[in-house]
Amino acid sequence: MGIKEKFSVKGKKAWVTGAAHGIGRASALALAEAGADVALMDLNTEGLEETGNMIRERGRNAIVFTGDITSEEDVKKAVNEVLEKWGRLDIAFCNAGTFQDIPAEKMEVQEFQRVVQVNLTGAFISAREAGKAMIGNGGGNIVLTASMSGHIANIPQCQCAYNSSKAGVIMLGKSLAIEWAKYGIRVNTISPGYIRTWSDIPLKPEEVGTSNFEQWTPLRRFGAAEELGALIVYLTSDASSFVTGADYLIDGGYTAF
Ligand SMILES: NC(=O)c1ccc[n+]([C@@H]2O[C@H](COP(=O)([O-])OP(=O)(O)OC[C@H]3O[C@@H](n4cnc5c(N)ncnc54)[C@H](O)[C@@H]3O)[C@@H](O)[C@H]2O)c1
């Protein structure tokens, strides 16, 4: 197999959570451009429909499912719909997540639990249901979105629940990789740095590199969601056939600094 074929996911059936915006949308489009049909899940129906149309414009099929990754019922329904319509699931990008910025001494337990429930428990529920489908297929590829905040504690924002949940996602990925290697399922995590998904308005050229977050990043800029797509295609294609239980930092050098 040549190197271009190794990076192809032609004919594969993929499922992406958090696909209405940001990293999830950009990665769903990258998977479609690399040849996959992509099922999309998110709480945001309007954004999902937009992503679905963008996939169809690229000549691939899309299934759109509005649902919450913390609901076992929703996640089971979404994966079952993929199996009913497409007969198999080859790729799962469990990416949906939430954030908080509250000093630890002021944070209610409910808020801590909300963040862990979405970021860690939601990733587990999504990966478990995808894994069950893939065991039925005889194999597959799962990627979970962690964060560089699962490795380091950022400043100045106070995000102890987020950081803890994302450190948990890294170990969840390693644990599933070990358990499911025997089924031919590879599981990896990605740990992005500051990816500018919080705004859809591009920075003016003179604004690039001016924030503290960018100056603390050796490449001196925010990452773009599209820059994650290539890594997702790599991790879910045969190009990474010997990679499992790994975590990929994609942070412009932030954690090396
Ligand atoms: N942007 C960054 O700098 C950055 C850095 C590291 C990690 N991450 C992680 O990347 C992932 C994607 O974030 P993004 O930056 O693209 O943000 P985003 O807000 O653009 O996208 C997140 C999507 O997840 C969806 N979502 C949230 N909770 C959900 C739930 N319970 N069920 C279903 N969908 C839900 C949202 O509706 C949204 O469309 C998250 O896990 C985030 O923690 C982001």
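Helices (H or I, at least four residues) and strands (E, at least two) are taken as DSSP runs, numbered from the N terminus. The loop between helix 7 (212-215) and helix 8 (226-236) holds T217, a residue described further below. The structure is a predicted model, in which local features need pLDDT of at least 70 and side-chain atom pairs count only at pLDDT 80 or more, while totals for chains, interfaces and linings use all residues. Residues are numbered from 1 along each chain as its sequence is written, and side-chain values use heavy atoms, with hydrogens and water left out.

Confidence was examined through pLDDT, the predictor's confidence in each residue, from 0 to 100. The chain has a mean pLDDT of 97, with 100% of its residues at 70 or more. Among the elements of the chain, the lowest mean pLDDT (95) belongs to helix 1 (residues 3-6) and the highest (99) to strand 4 (residues 91-94). Where pLDDT is low, the predicted coordinates should not be read in detail.

An open sheet is formed by seven strands in the order 3-2-1-4-5-6-7, with parallel pairing; two strands are paired if DSSP finds at least two bridges between them. Strand 3 (62-66) and strand 7 (247-250) stand at the edges with a single partner strand each, so one side of each has no neighbour in the sheet. On average, neighbouring strands of this sheet are turned by 15° against each other, direction ignored. For such angles, axes are lines fitted to C-alpha atoms, for helices over the stretch in contact, and the angles run from 0 to 180 degrees between N-to-C directions. Helix 4 (residues 72-86) packs on the sheet and touches strand 1 (13-17), strand 2 (37-42) and strand 3, its direction making about 160° with that of strand 3. Contact here means heavy atoms within 4.5 Å. Helix 6 (residues 160-180) lies across strand 5, strand 6 (185-192) and strand 7, and runs at about 165° to strand 6.

Strand 4 is joined to strand 5 (residues 140-145) by four bridges, and the two run parallel. F93 stands opposite V143 in strand 5, and I91 has N141 of strand 5 as its bridge partner. Burial was assigned by relative accessible area: buried under 20%, exposed over 50%, partly exposed in between (1.4 Å probe, protein chains only). Six of the six residues of strand 5 are buried, so this strand is largely enclosed by the rest of the structure. From strand 5, G140, I142 and L144 point one way and N141, V143 and T145 the other way, all of them buried.

Two buried residues in other strands were followed in detail. A39 lies in strand 2 and is buried at a relative accessible area of 2%. Not counting residues up to four places away in sequence, A39 touches A14, W15, V16, I63, V82 and W86. A39 and A78 are 39 residues apart in sequence, with a C-alpha to C-alpha distance of 8.4 Å. T189 is placed in strand 6 and counts as buried at 2% relative accessibility. Leaving aside neighbours within four places in sequence, T189 is in contact with L144, A146, V169, I170, G173, A246, D247 and Y248. The side chains of T189 and D247 make a polar contact (2.5 Å). A polar contact is a pair of N or O atoms within 3.5 Å; within protein, one must be able to donate a hydrogen and the other to accept it, and residues adjacent in sequence count only if both atoms are side-chain atoms.

Around the ligand there are 25 residues, of which H21, I23, D42, N95 and T197 come nearest; a residue is near a molecule or strand if one of its heavy atoms lies within 4 Å of it. An N or O atom in the side chain of D42 is 2.6 Å from an oxygen atom of the ligand. Backbone N or O atoms also lie by ligand oxygen atoms, at 3.2 Å for G193 and at 2.9 Å for I195.

In the loop between helix 7 and helix 8, T217 counts as buried at 4% relative accessibility. The side chain of T217 reaches the backbone oxygen of F213 at 2.8 Å. Beyond four places in sequence, T217 touches D251, G252 and Y254. R220 is placed in the loop between helix 7 and helix 8 and counts as partly exposed at 45% relative accessibility. Most residues other than glycine have a negative phi, and most peptide bonds are trans. Phi of R220 is positive, near 60°. The peptide bond from I155 to P156 is cis, with omega near 0°, and P156 is placed in the loop between strand 5 and helix 6.
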